[in-house]
Amino acid sequence: MKSVSRSSYSALWLCGLLTAASMLLAAQPPLPGDSVLQLPGVFVDQASRRFTLASRRGQPQLISMFYANCQSVCPLLIETSTAVMNALEPVQRSRLRVLLVSLDPKRDTPAALAEVVTAHRLDRTRWTLARTDPAVVRRLAAVLDIRYRQLEGGEFNHTSVLILLDGQGRMLARTERLGAKPDAQFVAAIRGAMQQGE
C-alpha cells in the first residue's frame, strides 16, 4: 500500500473542502438577477484566503474599491466606513461587513492589504480587503458604477463611494459623502436593511 504524501493529503483535503463549499452554495436558492454577488471571479483577501462574492451572501455589507498605496481619498474612505459603522447600534454593527476590492491587483498583494488592515486597526472579523484579476476588477467597477483610471505615476483617479448591499447582494444605497460625520440618509438605509433582515 502506497503512503500518501503530506502535500497530496493537503491537496485532497482542499479539494474536499471546496467541493463541500460548492455543494452548500448550490443548496441555497439562486441569487436575485440584480445581485452584485453573481459576478464570477476568485478573490484573495488580506490573509491569503480565496473566496467568491457569492460566498458572502447572508448579511448586509458595505462595498467599495480602493488601492493600498493611496495617500488621500482611500484612507478617508476607510475613515468614513468606520464612522458609518460607529453610528450603528452595537448589534447592528456586529452584523455589518465591509469589502474593499483593490483597483491595483498588481501591487496589492495580500501582505500589502494586511498592512492597511494593521495600520487602520480594522477588525479582521468584519473587514475584508481583497484583490482579484484585472478583468474582474473592470467588471466589478462597471457593476458598481465606479470609474477609475491609472495615472502615469502609478496612482489611480477613481470614484470614491460607499455602496450598501443587502444580504442577497442587491444595491440599496450609495454615498459619496466622505468624512468623520457620516451621511445620515446612508446610515438610515443601513438600519433599515438590518431591520428587514431580522
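Leaving aside its neighbours within four places in sequence, which residues is Leu140 in contact with? Select Leu140 and have a look: the partners are Val36, Leu39, Phe43, Leu53, Ile63, Met65 and Val101. Keep in mind throughout that this is a predicted model.

**Stop 1: the whole chain**

Zoom out and colour by secondary structure. The chain has 6 helices and 9 strands. Of its 198 residues, 43% are buried. Switch on the surface and you are looking at about 11100 Å² of accessible area, with 54% of that belonging to carbon and sulfur atoms. Now think about who touches whom: take the contacts between residues at least 6 apart in sequence, and 71% of them join residues at least 24 apart.

**Stop 2: the core**

Go back to Leu140, which is one of the residues with the most contacts inside the largest nonpolar core. Add Leu62, Met65, Leu129 and Ile190 to the selection, since they belong to that group too. The core has 51 residues in total. Several elements each supply at least two of its residues: strand 3, helix 2, strand 4 (97-102), helix 4 (110-119), strand 5 (127-131), helix 5 (134-144), strand 8 and helix 6. As background, nonpolar side chains in soluble globular proteins tend to be buried together.

**Stop 3: helix 6**

Ile190 leads us to helix 6, so select residues 184-196. Pick the C-alpha atoms at the two ends and you get 18 Å; at 1.5 Å a residue, 18 Å is also what these 13 residues should span, so the two agree. Show side chains next. Phe186, Val187, Ile190, Ala193 and Met194 are buried. Look down the axis: these buried residues fall within an arc of 115°, so they line one face of the helix. Ala184, Gln185, Gln195 and Gln196, on the other side, are exposed.

What covers the buried residues here? The cover includes strand 3 (61-66), helix 2 (73-86), helix 3 (90-95), strand 8 (162-165) and strand 9 (171-175).

Before leaving, click on Asp183. It caps the N-terminal end of helix 6, with a side-chain oxygen 3.0 Å from the backbone nitrogen of Gln185. In the loop between strand 9 and helix 6 you will also find Lys181. Lys181 counts as exposed because its relative accessibility is 72%. Draw a C-alpha to C-alpha distance from Lys181 to Ala83: the two are 98 residues apart in sequence but 6.8 Å apart in space.

**Stop 4: helix 2**

Ala83 is one of the buried residues of helix 2. The others to select are Cys74, Leu77, Ile78, Thr80, Ser81, Val84 and Met85. This helix has 14 residues and reaches 20 Å from first C-alpha to last, close to the 20 Å expected at 1.5 Å a residue.

**Stop 5: helix 4 and what follows**

Select helix 4 and pick out its buried residues, Pro110, Ala112, Leu113, Val116 and Val117. They cover an arc of only 165° around the axis, which puts them on the same side of the helix. They pack against strand 1 (43-45), strand 3, helix 2 and strand 5. Turn to the face pointing away from that buried side and you meet the exposed residues Ala111, Glu115 and Ala119.

Now step along to Arg121, in the loop between helix 4 and strand 5. Which sign does its phi have, positive or negative? Positive, at about 55°, although Arg121 is not a glycine. For context, most residues other than glycine have a negative phi. Arg121 is exposed, with a relative accessible area of 79%.

Asp145 also has a positive phi, near 55°, and is not a glycine either. Find it in the loop between helix 5 and strand 6 (148-150). With 43% relative accessibility, Asp145 counts as partly exposed.

**Stop 6: two buried loop residues**

Thr132 lies in the loop between strand 5 and helix 5. Is it buried or exposed? Its relative accessibility is 3%, under the 20% cut-off, so it counts as buried. Its side chain reaches the backbone oxygen of Val42 at 2.8 Å. Not counting residues up to four places away in sequence, Thr132 touches Val42, Phe43, Val101, Pro105 and Val137.

Finish at Ser160, in the loop between strand 7 (156-158) and strand 8. Ser160 is buried too, with a relative accessible area of 14%. Beyond its neighbours within four places in sequence, Ser160 is in contact with Val73, Thr175, Glu176 and Leu178.

Conventions. Residues are numbered from 1 along each chain as its sequence is written. This is a predicted model: local features need pLDDT of at least 70, side-chain atom pairs count only at pLDDT 80 or more; totals for chains, interfaces and linings use all residues. Side-chain values use heavy atoms; hydrogens and water are left out. Helices (H or I, at least four residues) and strands (E, at least two) are DSSP runs, numbered from the N terminus. The expected span of a helix is 1.5 Å times one less than its number of residues. Buried means under 20% relative accessible area, exposed over 50%, partly exposed in between (1.4 Å probe, protein chains only). The arc is that of the directions from the helix axis to the C-beta atoms. Contact means heavy atoms within 4.5 Å. A polar contact is a pair of N or O atoms within 3.5 Å; within protein, one must be able to donate a hydrogen and the other to accept it, and residues adjacent in sequence count only if both atoms are side-chain atoms. A nonpolar core is a set of buried Ala, Val, Leu, Ile, Met, Phe, Trp, Tyr and Cys residues joined through side-chain atoms within 4.5 Å. Accessible areas come from the Shrake-Rupley method with a 1.4 Å probe; for residues, only the protein chains shown count as cover.
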